[in-house]
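Me: I am new to this structure and would like a close look at one part of it, with the surroundings explained step by step. Please start from a pair of aromatic rings and work outwards from there.

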Amino acid sequence: MAKLLAAVLAVVLAALAAGTATGMLSAEIDDGMPLIHMLRPLLHSSGHLGRLGGVPCDSWRFAVETDTLRDWETVPARCEKYVGNYMLGGQYRSDSQAVVDEAVAYAEGLKLSGDGKEVWVFDVDETTLSNLPYYAEHGFGSEPYNSTAFGAYTKLANAPALPETQRLYKRLQELGIKPVILTGRREDKRESTAKNLADVGYTGYEKLLLKPQDARVTAVEFKSGERKKLVDAGYVIVGNIGDQWTDLLGEPEGDRTFKLPDPMYYVG
């Protein structure tokens with residue numbers, strides 16, 4: 001984190017010296033969005049940090065988000081600053097807002113049956129909840145995943161909500177669409193996950209589905225299997241939102257899927 005802040009400060013000072021920083025600073029700070037994490041850089045991700053040394057980190061992120069780049073284990077070391085800047089800056093929130101705006105518009109245009117069987121599936125990590133406080137301390141995905149450290153973090157049950165997703169969640173409830181929360185977290189994290197969700201305002205969901213402790217299936221197999229159980233029980237999945245393609249792939253996907261940005265990690 002100290003390295004990230006030092007790099008951002010150096011870029012800001014250079015921009016100020018060139019007389020070009022004023023507009024960027026005001027645009028970044030005054031974006032009208034609630035903060036997820038207390039730290040925040042002062043330049044957009046597509047600015048100087050994304051171009052230092054000719055590093056094509058924008059292109060790398062594009063390949064990640066389009067599921068073109070698969071089975072990667074960590075963010076490239078050269079892109080740590082870029083990803084941190086993207087996640088803590090306004091662009092991540094703006095991208096999330098664009099996805100949610102479309103999801104809300106779609107939901108508002110649905111003709112519901114009125115039988116209470118329409119549901120919308122939500123993922124947890126980087127969807128309903130943001131783990132930025134954790135990843136900001138662990139290289140924004142440039143460090144290898146540590147299940148013990150992340151497990152300890154989730155047990156604290158203090159991850160903030162992603163405000164854009166929460167806006168969708170509440171609007172769906174107003175419309176009469178029931179949220180179903182489906183996560184790859186294991187059953188031993190049910191209590192802390194339920195507490196964390198409730199503490200930040202995710203209440204009134206139809207189901208909270210976690211992965212069995214001894215399950216040995218892929219993310220796609222588990223999540224598509226749980227969605228099939230919902231359909232078999234008479235539910236209609238009108239929407240499905242997550243940050244990983246594995247949240248969305250595998251029949252039945254739902255009538256429409258929505259992919260949130262997340263360049264910090266890959267779930268295969």
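Are Y169 and Y202 buried or exposed?

Reply: Both Y169 and Y202 are buried, where buried means under 20% relative accessible area, exposed means over 50%, and partly exposed covers what lies in between (1.4 Å probe, protein chains only). The model is a predicted one, in which local features need pLDDT of at least 70 and side-chain atom pairs count only at pLDDT 80 or more, while totals for chains, interfaces and linings use all residues. Residues are numbered from 1 along each chain as its sequence is written, and side-chain values use heavy atoms, with hydrogens and water left out.

To place this pair, it helps to begin with the aromatic pairs in general. The structure holds 15 aromatic pairs, a pair being rings of Phe, Tyr or Trp (its six-membered ring) whose centres lie within 6.5 Å, with planes under 30 degrees apart counted as stacked, over 60 as edge-to-face and the rest as tilted. One of these pairs is formed by Y135 and Y265, which are stacked, with 5.4 Å from centre to centre and 25° between the planes. This pair links distant parts of the chain, since Y135 lies in helix α7 and Y265 in the segment after β5 (257-259), 130 residues apart; helices (H or I, at least four residues) and strands (E, at least two) are DSSP runs, numbered from the N terminus. Y135 and Y265 are both buried.

The rings of Y169 and Y202 have their centres 4.9 Å apart and their planes at 85°, so this pair is edge-to-face. Y169 belongs to helix α9 (residues 163-175), whereas Y202 sits in the loop between α10 and β3 (207-211), so the pair ties together parts that are 33 residues apart in sequence.

Rings also gather elsewhere, for ring pairs link Y134, Y135, Y145, F150, Y153 and Y265 into a cluster. Two members of that cluster, F150 and Y153, lead to helix α8 (residues 147-156), where they are buried along with G151 and T154. These four residues cover an arc of only 160° around the axis (taken from the directions from the helix axis to the C-beta atoms), which puts them on the same side of α8. The face of α8 turned away from that buried side carries the exposed residues T148 and L156. What covers the buried residues includes α7, β2 (178-186) and α10 (190-199). At the N-terminal end of α8, N146 acts as a cap, with a side-chain oxygen 3.0 Å from the backbone nitrogen of T148, and α8 is followed by A157, whose phi is positive, near 55°.

Y153 also leads to S130, which lies in the loop between β1 (118-122) and α7 (132-135). S130 is buried, with a relative accessible area of 1%. Leaving aside residues up to four places away in sequence, S130 touches I36, Y153, A159, P160, A161 and L162, contact meaning heavy atoms within 4.5 Å. The side chain of S130 reaches the backbone nitrogen of L132 at 3.3 Å.

Charged side chains complete the picture. The structure holds 17 salt bridges, each being a side-chain nitrogen of Lys or Arg within 4 Å of a carboxyl oxygen of Asp or Glu. Among them is the one between R61 and D95, whose closest N and O atoms are 3.7 Å apart. Here R61 lies in helix α4 (residues 57-65) and D95 in helix α6 (residues 90-108), so the pair ties together parts that are 34 residues apart in sequence. R61 is buried at 15% relative accessible area, whereas D95, at 21%, counts as partly exposed. R61 also lies over the face of Y86, at 4.0 Å from the ring centre, a charge sitting over a ring if NZ of Lys or CZ of Arg is within 6 Å of the ring centre and within 35 degrees of the ring normal. In helix α11 (residues 219-232), K228 and D232 lie 4 residues apart, about one turn of the helix, and their side chains meet in a salt bridge of 2.9 Å, N to O. Finally, E108, R171 and E174 are linked in a network of salt bridges.

Key
A polar contact is a pair of N or O atoms within 3.5 Å; within protein, one must be able to donate a hydrogen and the other to accept it, and residues adjacent in sequence count only if both atoms are side-chain atoms.
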